[in-house]
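Student: I've got a model open and I'd like to learn how to read its features. Can you walk me through it?

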Amino acid sequence: MKIRVNKSTKIGQKDRPKDSELGFGKYTTEHMFLMDFTREKGWHDPRIEPYGDLSLDPAAMVLHYNQEVFEGLKAYHLQDGGIGLFRPDKNIERMNASARRMVMPEMDAAFVLQALKELILLEREWIPKSEGTSLYVRPTMIANEPALGVRPADQYLFFIILGPVGAYYPEGFSPTKIFVSDEYVRAAQGGSGEAKTSGNYGPTLLASRQAAEQGYTQVLWIDAKERKYVEEVGTSNIFFFINNELVTPPLGGTILPGVTRDSVLQIARHWGLNVSERLITIQEVADGAQSGSLKEMFATGTAAVISPVGEICYQENVFQIAGGQTGDLSIRLYDEITGIQYGRKEDPFGWRVRIA
Ligand SMILES: *Cc1c(COP(=O)(O)O)cnc(C)c1O
């Protein structure tokens, strides 16, 4: 399919902040990619248009029944002046997996990659250049058929929007404080926890608000059934370096299969570390924090890459991890992954995809 391009007549007029003021998710670029799906025609009319409002019927099914899936990845200015993506095939594959879970149509992976490339190259001036900054990419699919009644829609819209984002750690890598929620849960077995679908996020806001009111930046989710196994932190996966074993909970339906999680596992195995995907209880974490056998705890995700945890609060007990300091393994993993992403390091796994 050929992508029709309708360039904005207002190029250069959109507010473009300094790299130091970027933050996360505050700005979008001047164009977006769109494509429609109907049962009769399949995916059709791929196009790049000036960025702007969508027109949706108030009965659009996404607004009522949450048939939505999305992705998050980044485009980077490479050290040699080129432009790179990091494992975009994993994001596209996961979007199709999320779509299957939500009874939404899958897309051709090669075509989605082509659409990503064309849009990003058109907006290449928007990729910030300072250390640690990037262009965030948000592919999204929604059910836009106007119909009330709970059933899978027959009509969908896929779009990709972009926005420059700042360095996550402008003042260095400082550990966060995490609140363990034993009141609310994020995902239960048989639910939609392993899909990146909007309905998973709204219900987490109340727990996040309560954590924030007590001075904590994120919520640590434990399993819905026994309320004892660690699952994720906020919208990131979680790792523990305990008794010289690097542990992360296994994917079992309730955990989002993070691209960063998979990258950390592969790198750590490549380095010869003792790595396990196994169940870990919040009690084991608390005990490890107290005895000192828990050397590091960190969250992983596209936005921050590696986010060290310095303190957890569980049932009103507060535990410091490694004296609230950032550990060596966290730093080493952060340097390795960002080094591959920005083209500063060798890429032994072939993860960097050069698009310019
Ligand atoms: C997106 C997301 C992650 C991290 O996935 P990455 O591919 O590493 O960015 C982890 N948990 C949840 C709930 C997420 O939505």
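Tutor: Sure, let's begin with the domain interface. Domain 1 and domain 2 bury about 1,700 Å² between them, and 57% of that is on carbon and sulfur atoms. Buried area here is the accessible area (1.4 Å probe) that two parts lose on being put together, summed over both. On the domain 1 side, F70, F86 and R94 lose the most area to domain 2, together 34% of what that side buries.

Student: What kind of model is this, and how are residues numbered?

Tutor: It's a predicted model: local features need pLDDT of at least 70, side-chain atom pairs count only at pLDDT 80 or more, and totals for chains, interfaces and linings use all residues. Residues are numbered from 1 along each chain as its sequence is written, and side-chain values use heavy atoms, with hydrogens and water left out.

Student: Where do the two domains start and end, and how far apart are their C-alpha centres?

Tutor: Domain bounds come from an automatic or database domain assignment. For this chain it gives domain 1 as 4–165 and domain 2 as 176–341. Their C-alpha centres lie 28 Å apart.

Student: How many residues of each domain are in contact with the other?

Tutor: Contact means heavy atoms within 4.5 Å. By that rule, 19 residues of domain 1 are in contact with 21 residues of domain 2.

Student: How many salt bridges cross that interface?

Tutor: A salt bridge is a side-chain nitrogen of Lys or Arg within 4 Å of a carboxyl oxygen of Asp or Glu. The rule finds one across the interface of domain 1 and domain 2. As for pairs to look up, D262 and R87 meet through their side chains in a salt bridge, 2.9 Å from N to O.

Student: And how many turn up in the whole structure?

Tutor: The search finds 20 salt bridges. One of the pairs is E232 with R186, at 3.0 Å from N to O. E232 lies in strand β11 (residues 230–233) and R186 in the loop between β9 (176–181) and α4 (205–213), so this pair ties together parts that are 46 residues apart in sequence. For those labels, helices (H or I, at least four residues) and strands (E, at least two) are DSSP runs, numbered from the N terminus.

Student: Are E232 and R186 buried or exposed?

Tutor: Buried means under 20% relative accessible area, exposed means over 50%, and partly exposed is in between (1.4 Å probe, protein chains only). E232 and R186 are both buried.

Student: Which residues form salt bridges with E277?

Tutor: R261 is one partner, with the closest N and O atoms 2.9 Å apart. R261 sits in helix α5 (residues 259–270) and E277 in strand β14 (residues 275–277), so they tie together parts 16 residues apart in sequence. R269 also forms a salt bridge with E277, with closest N and O atoms 3.2 Å apart. R261 counts as buried at 3% relative accessibility, E277 as partly exposed at 35%, and R269 as partly exposed at 42%.

Student: Which residues are linked in a salt-bridge network?

Tutor: Have a look at R4, D36, D45, R47 and E49, which are linked in one.

Student: What about backbone angles: where is phi positive in a residue other than glycine?

Tutor: V103 is one case, with phi near 50°. V103 lies in the loop between α2 (88–101) and α3 (109–122), and at 49% relative accessibility it counts as partly exposed. N243 also has a positive phi, of about 50°, although it is not a glycine. You'll find N243 in the loop between β12 (237–242) and β13 (245–248); N243 is exposed, at 58% relative accessible area.

Student: Last one: which residues form a nonpolar patch on the surface?

Tutor: Patches are made of residues with over 30% relative accessible area and no salt bridge; like charges are joined within 9 Å, and nonpolar side chains (Val, Leu, Ile, Met, Phe, Trp, Tyr) within 5 Å. Here L54, L56 and L63 form one, with about 240 Å² of accessible area together. Those areas come from the Shrake-Rupley method with a 1.4 Å probe, and for residues only the protein chains shown count as cover. L63 lies in helix α1 (residues 61–65) and counts as exposed at 52% relative accessibility. Leaving out residues up to four places away in sequence, L63 touches L56, D57 and P58.
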